Amino acid sequence: MRYYEIVFMIHPDKSEKSNKIILEYKKIISDLSGNITRLEDWGRRQLSYQIKKLSKAHYILINIELPSKNINKIENNLKLNDSIIRYIIIGVNKKISKMSPILKEKLENQDKKENIVIKKINV
């Protein structure tokens with residue numbers, strides 16, 4: 001079994017179907033005898049440059065443990081999925097299960113926004 005990190009970007013028009021897409025890949029991974037060690041939905045984010053005339057995309061991060069012979073099946077599925085505009089699969093040396101810096105930043109920004117809203121209401 002090897003460890004992999006997969007990041008894929010969902011077309012913004014299909015971002016409401018992100019939960020369905022996540023469930024689909026969870027099933028594919030489990031059918032291929034894999035385990036998900038980390039799954040994060042980063043939400044809609046600004047792209048650094050336009051891809052297919054799009055400036056935003058919905059990002060998903062999945063860390064998995066999977067037999068190396070099965071990673072090609074996941075890659076082929078990602079290639080053929082019309083909802084996914086870009087993806088990357090990286091082999092990693094060890095199991096990763098702690099929260100990513102991007103999700104930490106997103107949660108901190110949400111907490112700051114909530115504190116600002118609370119302060120505005122109390123004033």
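Colleague: What makes β2 and β3 a hairpin here, and how many residues lie between them?

Modeller: There are 2 residues between β2 and β3, and Lys52 in that turn has a positive phi of about 50°. This is a predicted model, in which local features need pLDDT of at least 70 and side-chain atom pairs count only at pLDDT 80 or more, while totals for chains, interfaces and linings use all residues. Residues are numbered from 1 along each chain as its sequence is written, and side-chain values use heavy atoms, with hydrogens and water left out.

Colleague: How do you know that β2 and β3 pair?

Modeller: Strands are DSSP runs of E with at least two residues, helices are runs of H or I with at least four, and both are numbered from the N terminus. Two strands pair if DSSP finds at least two bridges between them. β2 and β3 run antiparallel and are joined by 11 bridges, so they meet that definition. One of the partnerships is Asn35 with Glu65 in β3.

Colleague: What joins β1 to β3?

Modeller: 9 bridges do, and these two strands also run antiparallel. Met9 stands opposite Tyr59 in β3.

Colleague: Why does Thr37 count as buried?

Modeller: Buried means under 20% relative accessible area, exposed over 50%, and partly exposed in between, with a 1.4 Å probe and protein chains only. Thr37 has 17% relative accessibility, so it counts as buried. This residue sits in strand β2.

Colleague: What makes the link between Thr37 and Ile96 a polar contact?

Modeller: A polar contact is a pair of N or O atoms within 3.5 Å; within protein, one must be able to donate a hydrogen and the other to accept it, and residues adjacent in sequence count only if both atoms are side-chain atoms. A polar atom of the Thr37 side chain lies 2.9 Å from the backbone oxygen of Ile96.

Colleague: And why does Asn70 count as buried?

Modeller: Its relative accessibility is 7%, so Asn70 counts as buried. It is placed in the loop between β3 and α2, and a polar atom of its side chain lies 2.8 Å from the backbone oxygen of Leu32.

Colleague: How do you know that the span of α1 agrees with what is expected?

Modeller: The expected span is 1.5 Å times one less than the number of residues. For the 14 residues of α1 that gives 20 Å, and the end C-alpha atoms are 20 Å apart, so the two agree.

Colleague: Why do you say the buried residues of α1 line one face?

Modeller: The buried ones are Ser18, Ile21, Ile22, Tyr25, Ile28 and Ile29. Down the helix axis they fall within an arc of 125°, so they line one face of α1; the arc is that of the directions from the axis to the C-beta atoms. The face turned away carries exposed residues, including Lys20 and Asp31.

Colleague: What makes a group of residues a nonpolar core?

Modeller: It is a set of buried Ala, Val, Leu, Ile, Met, Phe, Trp, Tyr and Cys residues joined through side-chain atoms within 4.5 Å. The largest one has 18 residues, and Phe8, Tyr25 and Leu78 are among those with the most contacts inside it. Its largest share, 5 residues, comes from α1. A second, separate core of 11 residues includes Val7, Leu47, Tyr59 and Leu61.
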